[in-house]
Amino acid sequence: MHTKSHEECRQCSRCGLPLTDQPSLERGIGPICDKLSTALFCKTIPVNRTLLYMGLVSFNSLDLPDEDVAFGKVTLNPRKMFESVKQKMLNKFKEMENTTSNGFLANGVNFNNEVKVIDWICSFKMSGSARLKLSQIVKHMGFHVLAGVLSGMSSTSEAKILFDDKTGFLTLEGAKCKGGKEECYKLSLANPGKVKFPTRLTKHFQVHASLADKFYAIVEEYWPVLDTVSSTAELAKAKQWWETELQKQLAAIPSVAANPNSKPVLGTDEGLIVHLPGDNIEVSFTWPTGTRKSIGWKIVDRIKEIVPMGRRKWNSKKVAWEIRLLPERKNELLDLKQIFAEHKFTLKEVTPSV
Ligand SMILES: [Zn+2]
């Protein structure tokens with residue numbers, strides 16, 4: 001074993017750039033990434049005792065470089081550092097077993113010091129799989145935002161969200177990242193046409209205002225250095241815009257437009273079926289509250305039985321189920337009427353004159 005120079009075996013634990021000055025070498029974090037540290041530590045999730053324990057005991061410290069680096073007269077070695085921080089954590093586990101059965105958080109136990117050691121160890125060059133395992137350990141210690149950055153899934157760039165009321169799309173200004181891209185891809189599969197990926201021209205993710213909350217959740221997770229003040233203001237604008245759009249669409253439906261309240265006002269035992277253009281209908285009734293045994297829930301369950309998921313959509317604005325009837329299954333309509341009859345509901349059926 002020999003002592004290596006820092007340049008040979010180390011880099012910024014967060015972004016992978018070289019560490020050039022003495023304070024950065026000591027921290028294991030470059031000056032730019034260091035300024036962003038607060039954002040990475042301010043949000044935590046509960047410690048996952050089981051997974052943390054498994055992560056620690058299954059991590060093979062031989063996967064870490066066996067390299068001593070010198071700080072003046074002191075030398076430090078990532079492998080030995082890991083073994084010692086692991087032992088500290090396992091001791092905490094033992095203490096907890098002796099004193100309580102309630103898990104860590106209830107007792108104010110945290111790993112604030114230990115996580116800094118692992119963060120420091122991540123400033124050594126190592127295999128991708130070793131880095132991923134360490135970031136998992138960090139996550140189970142409760143520091144999920146930092147874990148995202150250490151694993152390379154999250155962005156360390158500053159980011160903010162902007163809303164354009166001409167297009168109805170939110171734009172994320174910020175560098176691309178792997179985890180965020182994957183989540184946006186999933187969002188786009190479920191919502192065709194509502195998610196735009198960065199191109200050479202746009203360079204940014206763009207998401208339709210109707211998905212504002214879902215998009216914000218992704219951005220918060222994978223772009224931790226988010227300008228939250230301006231971004232939440234833009235988010236509110238987008239949601240307001242979408243609310244107005246929905247009201248416009250609602251007013252365009254004849255049956256609802258005729259009702260001054262915009263929403264069907266139903267008693268506790270009334271149902272309403274509105275025939276929409278094509279083979280579509282809208283079914284509304286007072287949404288059940290209380291136990292699963294109530295009549296309302298029985299109606300919900302029966303409707304789900306009759307109409308498969310792909311053909312019904314709950315419209316929370318109209319407080320109604322939008323249902324697409326299949327031409328060959330027109331008796332579905334009869335079945336639906338039957339459900340209301342069974343439960344002694346008064347049923348109104350409306351075909352708006354267009
Ligand atoms: Zn960095």
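Visitor: In this predicted model, is E342 buried or exposed?
Guide: E342 has 12 other C-beta atoms within 10 Å. A residue with 12 or fewer such neighbours is classed as exposed, and one with 20 or more as buried. The count for E342 therefore falls in the first of these classes, and the residue is exposed.

Visitor: In which helix does E342 lie, and how far apart in space are E342 and I299, C-alpha to C-alpha?
Guide: E342 belongs to helix α15. Along the sequence, E342 and I299 are 43 residues apart. In space, their C-alpha atoms are separated by 9.5 Å.

Visitor: Are α14 and α15 roughly parallel or roughly antiparallel?
Guide: Helix α14 covers residues 295–306 and helix α15 residues 331–342, and their axes lie 10 Å apart. The angle between the two helices is about 170°. An angle over 145 degrees counts as roughly antiparallel. The pair is therefore roughly antiparallel.

Visitor: How many nonpolar residues does the contact of α14 with α15 have?
Guide: On the α14 side the residues are I299, R302, I303 and I306, and they meet E332, D335, L336 and I339 of α15. Sorted by class, this contact has 3 charged residues and no polar ones. The number of nonpolar residues is 5.

Visitor: Is F111 buried or exposed?
Guide: F111 is found in the loop between α6 (78–99) and α7 (112–121). Within 10 Å there are 23 other C-beta atoms. The cut-off for a buried residue is 20 or more, so F111 counts as buried.

Visitor: Which residues does F111 touch, not counting those up to four places away in sequence?
Guide: The C-alpha atoms of F111 and M141 are 6.5 Å apart, although 30 residues separate the two along the chain. M141 is one of the residues that F111 touches. With the sequence neighbours set aside, the list for F111 is M89, M141 and G142.

Visitor: Which element supplies the largest share of the largest nonpolar core?
Guide: Nonpolar side chains tend to be buried together in soluble globular proteins. The largest nonpolar core here has 24 residues, and L170, V207, A212, F215 and V219 touch the most other members. At least two residues of this core come from each of β4 (160–164), β5 (169–173), β7 (205–208), α11 (212–222) and α12 (228–252). The largest share, 6 residues, comes from α11.

Visitor: Which residues are in contact with V207, leaving aside its neighbours within four places in sequence?
Guide: V207 is one of the core residues that touch the most other members, and L170 and F215 are also among them. Both L170 and F215 are in contact with V207 itself. In full, the contacts of V207 are F169, L170, K194, V195 and F215.

Visitor: How many residues are in the second, separate core?
Guide: This core includes V115, F124, L134 and I137. Its total is 21 residues.

Visitor: Which strands stand at the edges of the open sheet of 4 strands?
Guide: The order in this sheet is β4-β5-β7-β6, with antiparallel pairing. Within it, 5 bridges join β4 to β5, and L162 has T171 in β5 as its bridge partner. An edge strand has a single partner, so one of its sides is left without a neighbour in the sheet; this holds for β4 and β6 (195–196).

Visitor: Which strands stand at the edges of the open sheet of 5 strands?
Guide: This sheet has mixed pairing and the order β10-β11-β9-β8-β12. Its neighbouring strands are turned by 20° against each other on average, direction ignored. The two strands with a single partner each, and so with one side left without a neighbour in the sheet, are β10 and β12 (346–350).

Visitor: Which residue in β11 is the bridge partner of E282?
Guide: Strand β9 (residues 280–285) and strand β11 (residues 320–324) run antiparallel and are joined by 4 bridges. Strand β10 (residues 312–315) also pairs with β11 in the antiparallel sense, and there K313 stands opposite E322. The bridge partner of E282 in β11 is E322.

Visitor: Which residue takes a positive phi in the hairpin of β10 and β11?
Guide: The two strands of this hairpin pair over 4 bridges. Between them are 4 residues. The residue with a positive phi, near 50°, is V319.

Key:
Residues numbered from 1 in each chain as written. Predicted model: local features only at pLDDT ≥ 70, side-chain atom pairs only at ≥ 80, totals over all residues. Core = buried A, V, L, I, M, F, W, Y, C linked by C-beta atoms within 7 Å. Contact = placed C-beta atoms within 7 Å. Pairing = 2+ DSSP bridges. Axes fitted to C-alpha atoms, helices over the stretch in contact; angles between N-to-C directions. Parallel < 35°, antiparallel > 145°, perpendicular 65-115°, else oblique. Nonpolar A, V, L, I, M, F, W, Y, C, P; charged D, E, K, R; others polar.
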